[in-house]
Structures are given as structure tokens and as C-alpha cells.
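Let's take a walk through this model, stopping at charged pairs, a helix or two and some backbone oddities. Keep the viewer open as you read.

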Amino acid sequence: MARRPELLCGAAIVLGCAFLVALKVTCRVLLPKVQVLKEDEAREEIQRNHSSCRAKDVTMPAKLPVNFFSTRSPVIDLFRGQLDYADHLRQDSEIVLYFFYAPWCGQSIAVREEIEHVASRLSDQVLFVAVNCWWNQGKCRKQKHFFYFPVIHLYHRSFGPIEYKGPMSAVYIEKFVRRVMTPLLYISSRSKLLDFLSNYEPGVLGYFEFNASPQPPGYLTFFTSALHSLKKDYLGTIRFGVITDKHVAEEISLVHSGSVYLHRHGNTSLIYPNDTMNYTAENICKWALENREMLVRWLRPHGGKSLLLNNELKKGPALLIFIPYNPLAEINPLLDEVTKVALEYHNCNKSQAAEPDLQHLGDTDSPAFDSSIPDAYMKLSETFSITKYPCCNTVVLPQWHSISRTHNVCELCINQTLGVKPNKVHVPHCNFLEIEAALDSFYLQEHTFFQVISNTIECSNFLSFYSPFSYYTACCRTVNRHFLSFISSEKTIFQTPKVAFSSHGKKDNTQHSIPHIEDRNCFIPDLHSSGTNITGLSCRTNKTLNLYLLDSNLFWIYAERLGASRSSHLKEFAAIVDLKEEVHYVLDQNQSLVGTTLENFIKNFSILYSPLKRHLVDDPSVHFHEQRVITEVTTNNFHDTVVLSEKNVLLLYYAQWCGFCASLNHIFIQLARLLPPDNFTVARIDISRNDLPWEFMTDHLPTILLFPHQRKEQSVKFPEDFSVNLPNLLKFILHHSSLSSSEPCTKECLHKETVLQQGHISHLEREIQKLRSEISALHQAHDQLEAQLSEARREEHRLQQQKHTLEKQHKTLQLHSEQLQATYDQKNEELLEMAEKLQELADASENLLKENTLLRILVASREGKLQSKDEIKESLQSEEALSEDNDISVSTATATLEEKKIDNIDTIETEHSSGNRTE
């Protein structure tokens, strides 16, 4: 009985080991197949995940910002966007400059050096703080919402922010910072007052008495108004000053403390109306900005897309002056010259022209005059003295007879009494239309003013041709031709045009055929050179100019686009742009940019028939190649290539931004190869970069013009309703280039025409032969392509078969994979069942071990009891010998009890063994 539990436990262990060995062998066989299936499923899952990841937005976390400025820089760099710390720093400083930047912004990187340069000069007076306003975790990004970078804000104590929007250059930034530091100029003497008032910029002066208190009433308001002007006008065109001396204030009629004075050069200066407007900083700034006088204005385009130039040019003709400018320089001589011209040009209160100096006309040593008639020049001076009035014009009558050696010269005036000269005080107002009407009426009646040689002045009155209520006065006399020869010589000096103009402003090639207006400066040379003639010219002409200044150090690219020389080292340039007339004129760059040249430039533009010529912009980037099939035409070579060419010229107008123009390039290349180069030229011109005379301009792109040989003036436009292709272009060229001239053709002409036609025919035959050879080559290429296509089709058929085979194999593999999957599932279930049985066996073996232990303990106790029983028996036998009689009953009872216990133990062991067998 004691060995049975050990045998059962050993059998269970052996059976478990055998099962584990069988399971290991089975798994080794199934694992490779299962692993292959798992890898295929993993690949498909990865592909699905990859395709789904493409549609998702993957955002990488932002990198931690780093220092934008160096640690040795005087600029405090808050590269984590600590705006609260920046505000804390501002509380302890009087002037603070904030530089808000983005680390990735190229403009911010470029301006960084400029800010460091300014900080190195003003760090002892101004606190420079740079804040990274792009990092998403910084407070600056959360509180500030800037649409561009960089942004510069300035604070003057508690006032601000004052945003700077000027050029991002160190000198301009420093100038603006200094204006914020000292918004007021203190004037304590009469000399300082004169310096302040002589400046061309508008000036606002306030008078305050500082004797009673350090801050008189209204002073802080005036101080704040100066800061307000910088906030609204970043250019700082209005200067603010404070007069501290009572006697100096009386020079400009300021008596009461707190009075504000706006100085203007051309118009009446103003005093701030305290009775109608509240005395606040905003009102003072608004009043100064609305009433300021802008004689000349600075233009500072920011470089991006803007309508600044367009809005200014739409106001009227503009004189753009490019000069090198340093805002920190105390003296700018060239700027002073320009502002002086601007002041004279807008000085309408002194518009009365000065008396012309005619002393040189009475010089007896002059070879251009005859000394025998000195009185004639005195009368002539009386005649020409009328030219100082703006309503009169000098008209030269034609030479009616070839024998005559005289010209009749008349002075034509508007609304004047017969024989009476205009009053100097009451000068009638007139404009261009009135002068034009007077000239037309004078032309119709000029035969009444023809006089023989006479030294007397005769005046006549005649009615207007357009209106019977208007009349004119013409005072005529005979002028000696020697004087006219002197005039012609003077014309060459002052570069006046030699072409006579009709009343409508058109050129006339017939000299002395009709009356024409002469430039009065030619008759009076000193008037042309005198600087007083420009005084108040803006009020005496209908072509008033707006004057603008541009810094050539920053905006020279605009000057180059207008026609400035790219090789010029001296960056000084002036041009007049008339946007309405679509023309612009350029000041001769061989002349220095001084006051006199500017005045002459303005006067030549302002006169009725301007001698200025429209400037045509040329594209200097075009490089000419002799081997080009298509000739590239520019402004400079247009006349030689097209107009003076002895060939038929086909010209294409195009632009870089024209997409359809680019699609015609291959057509024109084929056309240029077909046409004989000896007789035809195929050319093109970029009309967006090259200006042409108006008669050659176009408003539609692409445009094709044909300039026939010997008939350039009869250019023909390719019809817009025809498609632009090679056959249509050939028909168009052959049709219009073969037109006969209006003159009868001689035999020589016919012979030349025949030779030309034969040459055309031979050239076309050669081209046809070339085309045939190209067609045969194309046929051969076509056959080769057919063979390649058939081979490609066979290859495609083979690939299709391989595809079907692979698909069948794929299906077989899928079935095999499904079978393996089913087998895998079945074996997996069996393994699970066996694992459960093994677990039960393990539990049963554990119970058997416990029971075996208990049985051993019981057996040991049984043996001990048996030993004790034997000892008891021996003791009983000994006692029986002593007392057999007395203890018979006791021993009998004891033995009976012991036997019962033993029987009970045997019964328990038998039950346990039977239970083990059953399990």
C-alpha cells in the first residue's frame, strides 16, 4: 500500500514529459508555415497603415528657439517671446525700442545688423529689446498678431507704441529714434527761429513761458502732439519747436503763452484756433497735418506690392528727383538746391515776371545788329515788353515774297483794347484753350497783318473765330532779318526746336509756310537764363508738376527703369512722368543736377509747345547673336532693323508674361527658315521692356506687322480673325510683299522683278526638296516606330500571360494559405485541450504527493504504535505473571480496544487506496 502513490506520481510525470516532447515536435513543423502567413499579414497591415498615414497631417513639435542676436550685442534678445519681461524692462527706461522678429524671416535677418549698428550708437540713451514673436509657446505670439515681420515699436515713457514704417536702414532708423528722443526743438534766439523757418519741411511752433513754472499750461499737450505726429507720419515731415523767449515769439505774432503757430512758405501761416477747437494733442496733430504745405515730398516705397507710386502719379505730372541722401547729415547742398527750386516754383504770390533785360540789344559792338536804326530796337523792346504777360504770345508771319528780306512779327494778346497795352496791375486770366483759340482765329486773318518794311508798330483788333464775344489784339511790326539770324543763332545755344508747329501742335516740314509761335526766350535770351521766370510757374500753367524726392541709395532701381544710366557712378537723376499722357521725359544726364538745370527742365515742360522729347526705355539685357534665326529688336536698333532695312520685315510684338506669344515661337522659327534671308527678316520685340514711337505701339498681344520693302510707311497688320499658323503667315507675306508700287514699272524693273520671282521660286523649290527629304525620313522613322510598336505589343502579350499565370499561382497560394490557416486553428484547439488535460494531471499529481506524504506520516505513526503495543504486551505478560487473576478482565478489554483501533486504521488505508485507484 505504501508504494502505490509513488508509482502513480512517477507515471504522471513521465506522461507529461512525453506530451511536451510531442507538442514541441508538432510546433517545429507548423511554425515555419505560420510564420510565413504572419509575415504576409504584417506586410499588408503595414501597407494599410502607410496608406492611411499619407492622408493624415503629421506635425512635428517646434524646436526650441535659440539666440537671434549674439550674447555680446547691446540688444536684449528675448528669444522665447517673454513679452511680460519686456514690459517690465520698459518701466525702468525712458526710450525703448522693440524689435519684433521671426527667426525664419529673411527681412528680419537682414535688418538685424542695422539694429545692432543703431544700438551700438544709442545704447547709452535707448533700451533696445528684440522679441521672438513666432515661437508658439511664447506670450508675444499669443498676444500680438502681426501680419508681417519685422516690426519696430518705440515708446517714449508711457506714450506708445510708435510704429516705424520707413526704410530698414540704419541711418533712417537712427534718425527716427532721435526724433522720438527729442520731438521738440527749443528756440531761444532769433537766429534759431530763422533757421527753423527756412527749412522746407512744415514747421509747428508753440510759445510757452517757462519763468513761472517748469511745465507751463499746455506744454505737455503740445509735447504729446509732437509724438502723435510721429505716430501718424513715420517720415517725420512736420517739425515741432518751442519758443522760450517772448521777444522771439513776437516775431511771428505769438503773444499769449500756449499759442501754436503753423509756418507755411507759399500760403498764409496759421495760428491754432483755440476758440473753435479743443486744445488737445490729437486736435493739434490733426490740424497741422490737414493744413501743412507740401512743396516737395519724399517717396519711400517699401519694396513690396503697393499702390504708392500709382496713387501719386495719378494726381498729375510728377517730377521725380533722385539724389543721394543721408538723414543724419546736417548739410545737404543738393537738397537745398532742389527745395529752393520748389519754393520758387510754388511761390504764386510773386508770380509777376521781372522786366526782361534788353541792354545787350543796344550794344553797338554786336555784329548781329545794324547800328543805323537804333530807334528800331527801342520800339522793338516796347513790342517785346508785352511778352511778360501770360496772355500774350509772339507769332512770326511767313515770308510772302522771296525778294522780301523781312519777317512780320506780331504780339498776340487776349481781350485787349485796340492799341492799348495790358495793365500791370490788372492782368486778364487765360489758359491753354484760350491761347489755342486766339491762334486759330489769327491764322484765318493773318493776311490783314502783312506789312512792308516799316519801323512803326501797328495794332489791330479782331474777333474770335469761335465766339463773337471774344476779341484779341495783335501788334505787328517789321523786324530786320539780321535780328532773326541772331535769333536763330541763339536758338542753337538754348536748344530750342527747329520745327515749326501748326495750331494743333503737329509738325510741318514746310518752313515758313504758315504763321507759327516762336519761343519768346529765343527773342529774349536773358529771360531764358534768368531764374526769376520760374517763380510762381505752378500757378501760371495748366501742366503743374508735383515734386517728389527719392533716395538714390535705396531706390536707384526705379531710376534705371526710367532710363538712368547703369554705368553712372554719380547717382543723380531727374525725370518727369505724365501718367495720363503715358510719356516721361528725362533730364540730360550729361548736365549736373543743380538748380538752374532743374528750372530749365521745368520751364521746357511747362511751355505750350514743349521741346522735350519723349524718352523711350530700352532693354539693356538683350544680347545679340548673329546666328539667331529670329532677330531681336530693341528701342535702339528698331529704326535700323525695321525702318531703314532694305528687306521685308515681319515683326512680332510679344511680352514675357504673354503665354500665347510663347506658343508661336516654333511657328516663327519654321517661317524664318523657309523665307529667303536675303529678302526677308523675321524679328520680334518685347514691348513690355522697350518703348517705341506712338505710331509703332500696339495695345494687343501678340501682334504681327509686316513692313514691306520700299513701303515701310504702308505696314500691314496680320488679321486677328485668322489663326496664326505657317500656311496663313506665308499667304499673308507673299500677298502683301508682292504688291506693285504706284509708279509704272519699266523693263529694268520687270527684269528685276522676274529675277526676284525666279529666286523666290528656286528658293521655294529647294525648301520643297528639303521638305520631301524630311518627309521620307519621317516615313522611315514611322516604319521603325511601327516595328517597335509590334514588338511592344508582343511583349505586352507575353506580360499578360505571365500576369495570368501569376494570378493563378496567387489564387493557389491563397487556397493553401487558407488550408494552413484551418490546420493551424485545429491544431491550436487541440493544443489548448491537451494543455487543459496537462493542467488537470499536474493538479492530480500535486494532490497525490500531498496524500503520499500524509500516508507516510500515518505509516510512521502506525509503526510507533505497533512498537508500543509490543511493549505493552510484554508488560502485560509480566504483569499477568504477577497478577493473572486480578487483571484478566482489564487486559481483555484493552486488547479488544487495540484490535478495534487497528481494524479502523486498516479500513481507512483500504479506502484511500481504493480512492487512488479510482482516480
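Is Arg 684 buried, partly exposed or exposed? Keep in mind that this is a predicted model. Arg 684 comes out at 23% relative accessibility, so it counts as partly exposed, given that buried means under 20% and exposed over 50%. Its salt-bridge partner is Glu 632, with an N to O distance of 2.8 Å. Glu 632 sits in strand β23 (residues 631-633) and Arg 684 in strand β25 (residues 680-686), so the bridge ties together parts of the chain that are 52 residues apart in sequence. Glu 632 has a relative accessibility of 8%, which is why it counts as buried.

That pair is not alone: a search of the whole structure turns up 16 salt bridges. Go next to helix α5 (residues 170-181), which holds both Arg 178 and Glu 174. These two form a salt bridge, and their closest N and O atoms are 3.0 Å apart. They are four residues apart, about one turn of the helix. The spacing makes sense, because an α-helix has 3.6 residues a turn, so residues three or four places apart point the same way. The two partners differ in cover: Glu 174 is buried, with a relative accessible area of 2%, while Arg 178 counts as partly exposed at 33% relative accessibility. Arg 121 belongs to this story too, since salt bridges that share partners join Arg 121, Glu 174 and Arg 178 into one network.

Now for a salt bridge that spans a longer stretch of sequence. Arg 190 pairs with Glu 251, and here the closest N and O atoms are 3.8 Å apart. This one links distant parts of the chain: Arg 190 is in helix α6, Glu 251 is in the loop between α8 (246-250) and β9 (260-263), and 61 residues separate them. Arg 190 is partly exposed, with a relative accessible area of 48%. Glu 251 is partly exposed as well, at 47%.

Stay with α6 for a moment. Which residues of helix α6 (residues 190-198) are buried? They are Leu 193, Phe 196 and Leu 197. These three cover an arc of only 90° around the axis, so they sit on the same side of α6. Turn to the face of α6 that points away from the buried side, and you find the exposed residues Asp 195 and Ser 198.

The loop between α8 and β9 deserves a second look, because Ser 253 is there too. Ser 253 has a positive phi of about 65°, although it is not a glycine. Its relative accessibility is 54%, so Ser 253 counts as exposed. Gln 710 tells a similar tale: its phi is near 65°, a positive value in a residue other than glycine. You'll find Gln 710 in the loop between β26 (703-707) and β27 (716-717), and it is exposed, with a relative accessible area of 65%.

While we're on backbone geometry, check the omega angles. Phe 149 and Pro 150 are joined by a cis peptide bond, with omega about -5°. Pro 150 lies in the loop between α4 (139-143) and β4 (151-156). Another cis peptide bond runs from Gly 160 to Pro 161, with omega near 0°, and there Pro 161 is part of strand β5 (residues 159-164).

Where does Glu 344 lie? Its place is in helix α11 (residues 333-345), and at 27% relative accessibility Glu 344 counts as partly exposed. Along the chain Glu 344 and Glu 599 are 255 residues apart, yet their C-alpha atoms are separated by 9.4 Å.

Last stop: a surface patch. Asp 825, Glu 829, Glu 833, Glu 836, Glu 840, Asp 843 and Glu 846 gather there in a patch of negative charge. Take Asp 843 as one of its members: it belongs to helix α23 (residues 747-883). At 36% relative accessibility, Asp 843 counts as partly exposed. That value also clears the cut-off for joining a patch, because patches are made of residues with over 30% relative accessible area and no salt bridge.

Methods
Residues numbered from 1 in each chain as written. Predicted model: local features only at pLDDT ≥ 70, side-chain atom pairs only at ≥ 80, totals over all residues. Heavy atoms only, no water. Patch = residues over 30% accessible without salt bridge, like charges linked within 9 Å, V, L, I, M, F, W, Y side chains within 5 Å. Areas by Shrake-Rupley, 256 points an atom, 1.4 Å probe, with all protein chains shown as cover. Salt bridge = Lys/Arg side-chain N within 4 Å of Asp/Glu carboxyl O. Lys, Arg positive; Asp, Glu negative; His and termini not counted. Charge placed at Lys NZ, Arg CZ, Asp CG, Glu CD. Helix = DSSP H or I, 4+ residues; strand = E, 2+ residues; numbered from the N terminus. Buried < 20%, exposed > 50% of the residue type's maximum accessible area, 1.4 Å probe, protein only. Arc of directions from axis to C-beta.
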